[in-house]
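The exercises below concern a single protein chain. Each sets a task and then works through the solution step by step.

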Amino acid sequence: MADITVTNLATAIDETNSLTSTTASVSPTANRLLCAAFYGDTDDNSTPAAPTPVGNTVTWVLEDSLAVGRRGLFLFRGLEAIPTTGTLVATWGTTMRRHGW
């Protein structure tokens, strides 16, 4: 059985009020499972809905989520034969006062 290898491509916390979370530029490996987790803490104390991630020519699918009070954690997965290098941008439905990936 082959070993599972995990590589962290980008991590950050942003405390700027924003509707988007943008990662640093990443270079995903072709034909490998990609996982992206986004954390959000709403500005208006509402429960956050899952953001919409776009980037790296990957189709991102929401795998799981947990939202309690004004905070939420959302896990996405994707797989692409030829992913592109670039940023991953998650667009939120409401302003986040703190968000991370």
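**Exercise 1.** Does phenylalanine 74 count as buried or exposed?

Solution. The model is predicted, so its local features need pLDDT of at least 70 and side-chain atom pairs count only at pLDDT 80 or more, whereas totals for chains, interfaces and linings use all residues. Residues are numbered from 1 along each chain as its sequence is written, and side-chain values use heavy atoms, with hydrogens and water left out.

Step 1. Take the classes: buried is under 20% relative accessible area, exposed is over 50%, and partly exposed lies in between (1.4 Å probe, protein chains only).
Step 2. Phenylalanine 74 has 3% relative accessibility, so the residue counts as buried.

**Exercise 2.** Find how many aromatic pairs the structure holds, and describe the geometry and place of each.

Solution.
Step 1. A pair of aromatic rings is described by the distance of the centres and the angle of the planes. Rings of Phe, Tyr and Trp (its six-membered ring) pair if their centres lie within 6.5 Å; planes under 30 degrees apart are stacked, over 60 edge-to-face, and the rest tilted.
Step 2. The count is two aromatic pairs.
Step 3. One pair joins phenylalanine 38 and phenylalanine 76, with 6.2 Å centre to centre and 75° between the planes, which is edge-to-face. Phenylalanine 38 belongs to strand E3 (residues 34-42) and phenylalanine 76 to strand E6 (residues 71-78), so this pair ties together parts 38 residues apart in sequence. Strands (E, at least two residues) and helices (H or I, at least four) are DSSP runs, numbered from the N terminus. Phenylalanine 38 is buried at a relative accessible area of 1%, and phenylalanine 76 is buried at 4%.
Step 4. The other pair is phenylalanine 74 with tryptophan 92, also edge-to-face, at 5.9 Å centre to centre and 65° between the planes. This pair links distant parts of the chain, 18 residues apart: phenylalanine 74 in strand E6 and tryptophan 92 in strand E7 (residues 89-100). Tryptophan 92 is buried, with a relative accessible area of 3%.

**Exercise 3.** Which residues make up the largest nonpolar core, and which elements give two or more residues to it?

Solution.
Step 1. A nonpolar core is a set of buried Ala, Val, Leu, Ile, Met, Phe, Trp, Tyr and Cys residues joined through side-chain atoms within 4.5 Å.
Step 2. The largest nonpolar core has 12 residues: Leu34, Ala36, Phe38, Val58, Trp60, Phe74, Phe76, Leu88, Ala90, Trp92, Met96 and Trp101.
Step 3. E3, E6 and E7 are the elements that give two or more residues to this core.
Step 4. For context, nonpolar side chains tend to be buried together in soluble globular proteins.

**Exercise 4.** List what tryptophan 92 touches, beyond residues up to four places away in sequence.

Solution.
Step 1. Contact means heavy atoms within 4.5 Å.
Step 2. The partners of tryptophan 92 are Leu19, Thr20, Ser21, Phe38, Tyr39, Gly40, Ala49, Pro51, Phe74 and His99.
Step 3. Now take alanine 49, which sits in the loop between E3 and E4. Alanine 49 is exposed at a relative accessible area of 52%. Leaving aside neighbours within four places in sequence, alanine 49 is in contact with Phe74 and Trp92.

**Exercise 5.** Where do asparagine 45 and asparagine 56 lie, and is each buried or exposed?

Solution.
Step 1. Asparagine 45 is in the loop between E3 and strand E4 (52-54). Its phi is positive, near 65°, in a residue other than glycine. At 53% relative accessibility, asparagine 45 counts as exposed.
Step 2. Asparagine 56 is in the loop between E4 and strand E5 (61-68). Asparagine 56 is not a glycine, yet has a positive phi of about 65°. At 5% relative accessibility, asparagine 56 counts as buried.

**Exercise 6.** Place glycine 86 and name its contacts outside four places in sequence.

Solution.
Step 1. Glycine 86 is in the loop between E6 and E7, and counts as buried at 16% relative accessibility.
Step 2. Its contacts are Ala24, Ser25, Val26 and Asn56.
Step 3. The C-alpha atoms of glycine 86 and threonine 22 are separated by 10 Å, with their positions 64 residues apart along the chain.
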